Structure formats: structure tokens, C-alpha cells
Amino acid sequence: MKFVIKNKGSGILREKEKSRMKTFVNIFLGFFIFESVGAVPITDTVTYDSEFYDVSLGELPHPFVSAENDQSDQVETEIGTAIPSIIQESYSSAPLTEEPEEEASTPKLIDGSSAQGSGVLVPQTQDALPTCLPTCLLCTCLGTTVYCDDRELDAVPPLPKNTMYFYSRYNRIRKINKNDFANLNNLKRIDLTANLISEIHEDAFRRLPQLLELVLRDNRIRQLPELPSTLTLIDISNNRLGRKGIRNEAFKDLHELQHLYITDNNLDHVPLPLPESLQALHLQNNNIQEMHEDTFCKMRDFSYVRRALEDIRLDGNPINLSKTPYAYMCLPRLPVGNLI
């Protein structure tokens with residue numbers, strides 16, 4: 001009997017110990033959970049209680065109402081569609097359409113019109129050399145020099161008024177109009193090499209007060225227009241002037257002219273008279289067949305010497321220079337050409 005009673009007392013002790021352990025564990029877990037809940041940040045919430053039920057949804061203090069909507073007198077919002085203002089700006093009532101890439105990259109001229117279809121091109125990247133703004137959006141400018149080389153232009157582009165040197169080589173320009181260079185009073189050089197020019201207005205260059213160099217080689221020009229007296233260089237080689245393309249005394253009043261190049265034009269004569277200032281005359285590969293004794297010299301003045309004219313090229317012409325020896329007596333050097 002004593003043994004059984006002893007075992008009962010020990011069982012009771014074990015049960016009390018288990019109960020104490022459970023109580024301790026529950027206290028510990030409760031304290032841990034309380035600390036975790038206290039660590040969560042408290043956020044302000046918008047409570048929509050019964051006092052808002054009679055108010056329209058647009059007037060509710062919704063956190064996503066944009067400043068743009070606040071400025072309007074009446075806000076129309078559908079339930080479940082309120083979104084942040086940043087996202088709202090990216091949407092509009094009109095359907096979104098993706099613009100073609102070509103229209104996005106098409107440059108606009110000063111008047112807002114497109115340069116497309118006008119025969120002019122604009123540099124495709126912003127990494128290229130800077131363009132002249134606002135008057136010249138078509139070509140590259142460095143100071144007072146405008147470069148329009150190899151742009152597939154079919155007309156002279158608008159130029160800044162301070163342009164001094166203009167290069168538009170290797171394009172498709174067919175005609176030079178009267179006002180293409182109007183009011184460009186500082187223009188000193190025009191180079192239109194290798195275009196398709198066949199027509200030039202009579203006054204296209206005549207009113208340029210400071211023009212010094214005019215280069216029109218490698219075109220289809222049949223008639224040389226009026227020229228300003230300020231020119232020092234004219235290069236109209238490889239064109240189609242022929243017999244009537246240069247009017248009589250075309251170079252007489254060009255008292256500053258030093259270099260005259262008219263090669264490959266099917267000329268049949270030397271254009272006279274030539275100004276005293278001339279230093280180089282290139283007439284090779286034409287159809288000149290004869291030379292007058294007073295072409296370069298003054299036959300009645302044997303003391304006359306033409307010192308400036310040192311470079312005369314007549315090679316490639318069907319002419320025998322030895323037949324007119326007195327025609328070169330006043331020159332410092334004999335012309336280059338056939339002597340037999």
C-alpha cells in the first residue's frame with residue numbers, strides 16, 4: 001500500500017510542473033506577440049462612414065485625386081477607376097495612335113512647313129556639325145561658311161544673311177533663280193560644282209556687291225549670265241557654252257578678274273576683250289581653230305608688255321600656235337598648245 005501511495009504523490013508533482021511550464025510559455029509567447037504588433041507602423045486610413053453617403057464620389061477626400069482635377073469645377077470619376085495623377089496624365093480620352101517614324105523625324109522649316117518634298121535635306125543626327133538657325137536648317141554652317149555638299153538638293157536653300165562662303169556641290173540643282181542670292185551682301189564665294197544647272201537668271205549674281213569667286217564647273221550651262229565687276233575668279237569649265245554661250249565683251253568690265261577657266265565647253269574662239277588684270281586663262285579641250293595677232297597684244301604698240309598674263313592653256317584645241325607668232329610677243333611666256 002505504501003508503494004502505491006508514493007507513486008500517486010509523484011504523479012501529482014509532475015502534473016503541477018507541466019502546468020507551470022505551460023503558463024510560463026504562454027506568458028512568453030504573449031509578450032513576444034505584443035512586441036511584434038507594436039513594431040508595425042501605424043498608417044492613416046480614410047474612413048468612409050455614414051456621413052459621406054450623401055456626397056458624390058468626386059468630392060470624397062480620396063488620396064488619388066490629382067491637382068489637375070482639383071482645379072476643375074466638376075470632377076467626373078467612375079467607381080473603381082481612380083488612379084494616381086502621374087498615371088492619369090499618360091491616358092487621354094482620344095485613342096492613342098503611334099506616329100510613323102518618318103513623320104517624327106521630319107524637320108520643320110521656319111514657317112512650320114515640312115522640308116519634305118522641297119528637294120532639301122536636313123542632317124539626320126544631332127551629332128553632326130551644328131546647323132545654322134533659324135534661317136538655315138538644311139546645311140552645315142561653320143562661322144560664315146555654309147556647306148550643302150552632297151545633300152541631293154534640287155534648289156538653292158535659304159541662306160543666312162551673313163553668309164560669306166557657300167558650297168553646294170554634288171547636288172541636283174537645275175536652275176538658279178533671280179532671288180536665290182538676294183540680299184546676301186557679304187557673299188564672297190559661290191561653288192555650285194557638279195549639279196545639273198542648265199538655266200541661270202540674268203541677274204542671279206550681278207547684284208552681289210562683294211562676290212569674288214564664282215565656280216560653276218561640271219554643269220549643263222548654255223548661257224553665261226551677267227557678272228559682277230568684283231569677280232577675281234570664274235570657273236565655268238565642263239559646261240555647254242558652245243559658240244553663243246558667252247556674249248560679246250562679257251569680261252571687259254571685270255577689272256579685278258585674275259583667273260578665268262573655260263575648259264571643255266566646245267568654244268570656237270577666245271572671248272575678247274580680256275581684262276588687263278588677268279593672270280591665268282585656261283581654254284583647253286575646246287574647238288578653237290585660229291588666233292588673231294591682237295588677241296593678247298597690241299599690234300600698233302610694240303612696247304606694250306602684258307606681264308600679268310603668265311598662264312595660258314590652249315592644249316586640246318585644233319590650232320597651230322606657230323602660225324601666229326606675233327600674237328604672243330607681249331607675253332612673258334608662250335601659251336601651252338600645239339606648235340605644229
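This section describes the strand arrangement, the nonpolar core, the disulfides and selected backbone features of a predicted model.

The strands form an open sheet of nine members in the order E1-E2-E3-E5-E7-E8-E9-E10-E11, and the pairing within this sheet is mixed. Its edges are strand E1, spanning residues 140-142, and E11, each of which pairs on one side only. From one strand to the next, the twist averages 5°. Within the sheet, E3 and strand E5 (residues 189-191) run parallel and are joined by three bridges. One of the residues involved is Tyr-165, whose bridge partner in E5 is Arg-189.

The largest nonpolar core comprises 58 residues. The members that touch the most other members are Phe-166, Ile-176, Phe-181, Ile-190, Phe-205, Phe-251 and Phe-296. In soluble globular proteins, nonpolar side chains tend to be buried together. The surroundings of Phe-205 were examined further. When residues up to four places away in sequence are not counted, Phe-205 touches Ile-176, Phe-181 and Ile-190, which are themselves listed with Phe-205 among the core members touching the most others. The remaining contacts of Phe-205 are with Ile-200, Leu-211, Leu-214, Leu-216, Pro-225, Glu-226 and Pro-228.

A search of the whole structure finds two disulfides. A disulfide is a covalent bond between the sulfur atoms of two cysteines. One of the pairs consists of Cys-139 and Cys-148, with an S to S distance of 1.7 Å. The torsion about this S-S bond, between Cys-139 and Cys-148, is about 105°, and the disulfide is therefore right-handed. Cys-139 is buried, at 0% relative accessibility, and Cys-148 likewise counts as buried, with a relative accessible area of 0%.

The other pair consists of Cys-297 and Cys-330, whose sulfur atoms lie 1.9 Å apart. Here the torsion about the S-S bond is about -90°, so the disulfide between Cys-297 and Cys-330 is left-handed. This pair links distant parts of the chain, with Cys-297 in the loop between E10 and E11 and Cys-330 in the segment after E11, 33 residues apart. Cys-297 has a relative accessibility of 8% and therefore counts as buried; Cys-330 is also buried, with a relative accessible area of 2%.

The segment after strand E11 (311-313) also contains Pro-325. With a relative accessible area of 46%, Pro-325 is partly exposed. Although Pro-325 and Met-291 are 34 residues apart in sequence, their C-alpha atoms are 9.8 Å apart in space.

Several backbone features were found in loops. Most residues other than glycine have a negative phi, and most peptide bonds are trans. Asp-150, a residue other than glycine, has a positive phi, near 55°. Asp-150 is placed in the loop between strand E2 (145-147) and strand E3 (165-167). The residue is exposed, and the relative accessible area of Asp-150 is 58%. A positive phi is also found at Tyr-170, with a value near 60°. Tyr-170 is situated in the loop that lies between E3 and strand E4 (175-176). In addition, the peptide bond from Leu-272 to Pro-273 is cis, and its omega is near -10°. Pro-273 belongs to the loop between strand E9 (259-261) and strand E10 (280-282).

Conventions. Residues are numbered from 1 along each chain as its sequence is written. This is a predicted model: local features need pLDDT of at least 70, side-chain atom pairs count only at pLDDT 80 or more; totals for chains, interfaces and linings use all residues. Side-chain values use heavy atoms; hydrogens and water are left out. A nonpolar core is a set of buried Ala, Val, Leu, Ile, Met, Phe, Trp, Tyr and Cys residues joined through side-chain atoms within 4.5 Å. Buried means under 20% relative accessible area, exposed over 50%, partly exposed in between (1.4 Å probe, protein chains only). Contact means heavy atoms within 4.5 Å. Helices (H or I, at least four residues) and strands (E, at least two) are DSSP runs, numbered from the N terminus. Two strands pair if DSSP finds at least two bridges between them. Axes are lines fitted to C-alpha atoms, for helices over the stretch in contact, and angles run from 0 to 180 degrees between N-to-C directions. A disulfide is a pair of cysteine sulfur atoms within 2.5 Å.
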